[in-house]
Amino acid sequence: MSNTPMAANPLTRAVLEIDEYVSGLGWDQPARLFALVDTARLRAEQPTLADRLGLTDEQESPGLTPIEQDEVATGKPLDEFLGTIAWPDAVVGCALSVERLMLPPSAEAQVPKDLDETQLTKWVAEHPQRQEVRMTVAVLRDGARESALRLREKDSPTEVLTGSDLVPGLAEALAATFED
């Protein structure tokens, strides 16, 4: 991904690469799940696959290669789907890119009481301050985390916010896919 900004941390680079890839598909996309594998190990153990992925020996060795998985099941809640995942040992991490509506913190006081999940979703979707956001969250087996947030209204690679604790609940759910 030639437009991915350089980052010192391989996990940050992987998250930005996934964000760029999903951004190229446009908005209103389903959730996308990625396995993260060690690039050097992939080249050594699966040279044919590495060639098909365009991973050449000239590329820097300490890196992670995201490999998109089959479609995320749309018929069940995301947390339930993530609870069904088990990764092989070759997978050192995983990432998920998902779009959601969010409200500014100032809107929390306006949330009507006693709304069920469906009513709350509708209320947020109709709120005048709602914003569409794409969240890409990645975790490694060793506990490292990284996230990238992209607002639809500021859909530019230079406007992507990154940080390790931007979406802690999703990071926890992804980390749980590595628990025995």
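Glu-99 is buried, with a relative accessible area of 16%, and its side chain meets that of Arg-134 in a salt bridge with an N to O distance of 3.4 Å. This is a predicted model, and the values given here are computed from its atoms. The salt bridge links distant parts of the chain, since Arg-134 belongs to strand β4 (residues 131-140) and Glu-99 to strand β3, 35 residues apart. Arg-134 itself counts as buried, at 0% relative accessibility, so both partners fall under the 20% limit that defines a buried residue. Arg-134 has a further partner, for it lies over the face of Trp-27, at 4.0 Å from the ring centre.

**The chain as a whole**

The secondary structure of the protein chain amounts to 6 helices and 6 strands, and from the N terminus on these elements follow the order α-β-α-α-β-α-β-α-β-β-β-α. The radius of gyration is 17 Å, close to the 16 Å that the globule rule gives for 180 residues, so the chain is as compact as a globular protein of that length. Along the principal axes, the C-alpha atoms fill a box of roughly 55 × 40 × 25 Å. Of the 180 residues, 39% count as buried, while the accessible surface comes to about 10600 Å², with 50% of that area belonging to carbon and sulfur atoms. Among contacts between residues at least 6 apart in sequence, 65% join residues at least 24 apart.

**Salt bridges**

The count of salt bridges comes to 9; among them are the three pairs in the table.

| Pair | N to O distance |
|---|---|
| Arg-134 and Glu-99 | 3.4 Å |
| Lys-122 and Glu-126 | 3.9 Å |
| Arg-145 and Glu-172 | 2.5 Å |

The pair of Lys-122 and Glu-126 lies within helix α5 (residues 117-126), where the two residues are 4 apart, about one turn of the helix. Lys-122 counts as exposed at 53% relative accessibility, and Glu-126 likewise counts as exposed, at 55%.

The side chains of Arg-145 and Glu-172 also meet in a salt bridge, at 2.5 Å from N to O, and this pair links distant parts of the chain, with Arg-145 in strand β5 (residues 145-151) and Glu-172 in helix α6, 27 residues apart. Arg-145 counts as partly exposed at 22% relative accessibility, and Glu-172 is partly exposed as well, with a relative accessible area of 47%. Elsewhere, Asp-19, Arg-150 and Asp-155 are linked in a network of salt bridges.

**Aromatic pairs**

A search of the whole structure finds 2 aromatic pairs. Tyr-21 and Phe-34 form an edge-to-face pair, with 6.1 Å from centre to centre and 90° between the planes. This pair links distant parts of the chain, as Tyr-21 sits in helix α1 (residues 10-24) and Phe-34 in strand β1 (residues 32-38), 13 residues apart. Tyr-21 counts as partly exposed at 29% relative accessibility, whereas Phe-34 is buried, with a relative accessible area of 4%.

The rings of Trp-87 and Phe-178 have their centres 6.2 Å apart and their planes at 25°, so this pair is stacked. Trp-87 lies in the loop between α4 (78-82) and β3 (91-102) and Phe-178 in the segment after α6 (168-175), so the pair ties together parts that are 91 residues apart in sequence. Trp-87 is buried, with a relative accessible area of 13%, and Phe-178 is buried too, at 14%.

Notes
Residues numbered from 1 in each chain as written. Predicted model: local features only at pLDDT ≥ 70, side-chain atom pairs only at ≥ 80, totals over all residues. Heavy atoms only, no water. Phe/Tyr/Trp six-rings, centres within 6.5 Å; stacked < 30°, edge-to-face > 60°. Buried < 20%, exposed > 50% of the residue type's maximum accessible area, 1.4 Å probe, protein only. Lys NZ or Arg CZ within 6 Å of the ring centre and 35° of its normal. Rg over C-alpha atoms; globule rule 2.2 N^0.38 Å. Contact = heavy atoms within 4.5 Å. Areas by Shrake-Rupley, 256 points an atom, 1.4 Å probe, with all protein chains shown as cover. Salt bridge = Lys/Arg side-chain N within 4 Å of Asp/Glu carboxyl O.
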